[in-house]
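Here are my notes on the model you asked me to look through. Have the structure open while you read.

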Amino acid sequence: MKFTSKSNEFKQWALEKEDNIPLNIDDLIVKIHDINHATLAEISNIKDIIKRFNCCIYQSRVSLNAQADLMNFAQSIGMETYDTNNIHNSPISLIMSLETKNTLNYIPYTNKKLNWHTDGYYDEKPIFSWLLHCEEPAYSGGENYLLDHELAIREYIIKYDNLESLSSLDAFTIPGNTHANRAETKGYICDNNNEYKKFHMKFSMREKNMKLNEQSKTAIMRMKKIIKEDCKKYCLTYKLSKNEGIVSNNILHGRNSFEDGKAMRKLYRIRSYERI
Ligand SMILES: [Fe+2]
């Protein structure tokens, strides 16, 4: 489907989005009793919030027993097949500040700030959803910031009429990385030509090691500005506490830098090929 700002499809979709803009972080929050045994009603609440906002923050009263319980929880929400391209080669990756050689200085595994991105933008196969679960918050900092990518796309179409330059399959190129055993990849910035017919984004603010196609360059710079400036009003920030987590349809997100105290910030991450 080709969206232009004057098309009926766009107008209808944009109106629906208008009704589903989170006003504050409370709109995203769902309380659950025990993440190890989430009830059908709790799962249904989480799915409803994700359907509206592409993102939900859950707060569990009871702590996670084991990683397997988090996998079960993810599965019950609709995450069924998992990306294992991480330093643990596992469906579940422990995100904490590690200073080992394995991490090849991947920023997620440091205490540095992470700028706006969607997960797996460098992977051919799209990541449609991710979950972050907090076992231990940072002593200071480490807040996540969140922006529904569909709101950014909506702003872009209103301002620049269509997404053509951003949906080209070679809008950007990430060179191969022999250390990470990763071949060169090319990708779109946003596209809805997928099984869900919903917008998916492959986005990063990074400038190094990301070659922009000449035809898409202006459009990508415009999208960066939309995210940083025009969409500031839609951006929400939240610091996860222990037993809380975020589940999202791979929306735009980032992280503030953080400092560890005696206990180190510890988050579990699951990425899935299914949209919720
Ligand atoms: Fe991420």
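The points below start with one helix and its partners, then turn to a few single residues.

1. First, a reminder that this is a predicted model. Everything below is computed from it, so to speak, on paper.

2. Let's begin with helix α4, which covers residues 149–160. Does its length fit a regular helix, and what should its twelve residues span? At 1.5 Å a residue the expected span is 16 Å, and the end C-alpha atoms of α4 are 16 Å apart, so the two agree.

3. Is α4 enclosed or open? Nine of its twelve residues are buried, so the rest of the structure largely encloses this helix. The buried ones are His149, Glu150, Leu151, Ala152, Ile153, Arg154, Glu155, Tyr156 and Ile157. Charged side chains are on that list too, including Glu150, Arg154 and Glu155.

4. What do those buried residues pack against? Two helices are involved, α1 (8–18) and α6. The strands are β7 (144–147), β10 (190–191), β11 (200–201) and β15 (252–255).

5. Take α6 (residues 214–228) next: its axis and that of α4 come within 10 Å and cross at roughly 120°. An angle of 65 to 115 degrees would have counted as roughly perpendicular, and this one falls outside that range, so the pair is oblique. The crossing of α4 past α6 is right-handed. On the α4 side the contact uses Ala152, Glu155, Tyr156 and Tyr160, and these meet Arg222, Met223, Ile226 and Ile227 of α6. By class, that contact has six nonpolar residues, two charged ones and no polar ones.

6. Now the other helix partner. The axes of α1 and α4 come within 11 Å and cross at roughly 135°. Roughly antiparallel would need an angle over 145 degrees, so α1 and α4 also end up as oblique. Here the crossing is left-handed. Phe10, Ala14 and Lys17 of α1 meet Glu150, Leu151, Arg154 and Ile157 of α4. Sorted by class, these are four nonpolar and three charged residues, with no polar ones.

7. Have a look at the backbone just past the end of α4. Asp161 takes a positive phi there, of about 75°. For context, most residues other than glycine have a negative phi.

8. Two asparagines do something similar. Asn209 has a positive phi of about 55° although it is not a glycine, and it sits in the loop between β11 and β12. Is Asn209 buried or exposed? It counts as exposed, because it has 11 C-beta neighbours inside 10 Å and the cut-off for exposed is 12 or fewer. Asn243 has a positive phi of about 75°, again without being a glycine. Its place is the loop between β13 (236–238) and β14 (244–248). With 18 other C-beta atoms within 10 Å, Asn243 is partly exposed.

9. Met210 lies in that β11 to β12 loop as well. It has 15 C-beta neighbours inside 10 Å, so it counts as partly exposed. Leaving aside neighbours within four places in sequence, which residues does Met210 contact? They are Phe172, Ile174 and Ser204. By contrast, Ile57 is 153 residues away along the chain, and its C-alpha atom is separated from that of Met210 by 31 Å.

10. That brings us to Phe172, in strand β8 (residues 172–174). Phe172 has 24 other C-beta atoms within 10 Å and is therefore buried, since 20 or more is the cut-off. Not counting residues up to four places away in sequence, it touches Lys186, Gly187, Met210, Lys211, Leu212 and Asn213. Leu132 is 40 residues from Phe172 in sequence, and the two are 27 Å apart, C-alpha to C-alpha.

11. Last one: Ser140, in strand β6 (residues 140–141). It counts as partly exposed, with 14 C-beta neighbours inside 10 Å. Outside its local stretch of up to four places in sequence, Ser140 touches Phe258 and Glu259. The C-alpha atoms of Ser140 and Leu267 are separated by 15 Å, with their positions 127 residues apart along the chain.

How values were computed: Residues are numbered from 1 along each chain as its sequence is written. This is a predicted model: local features need pLDDT of at least 70, side-chain atom pairs count only at pLDDT 80 or more; totals for chains, interfaces and linings use all residues. Axes are lines fitted to C-alpha atoms, for helices over the stretch in contact, and angles run from 0 to 180 degrees between N-to-C directions. Helices (H or I, at least four residues) and strands (E, at least two) are DSSP runs, numbered from the N terminus. Angles under 35 degrees count as roughly parallel, over 145 as roughly antiparallel, 65 to 115 as roughly perpendicular and the rest as oblique. A crossing is left-handed if the near helix is turned anticlockwise from the far one by less than a right angle, and right-handed if clockwise. Two residues are in contact if their C-beta atoms, placed from the backbone, lie within 7 Å. The expected span of a helix is 1.5 Å times one less than its number of residues.
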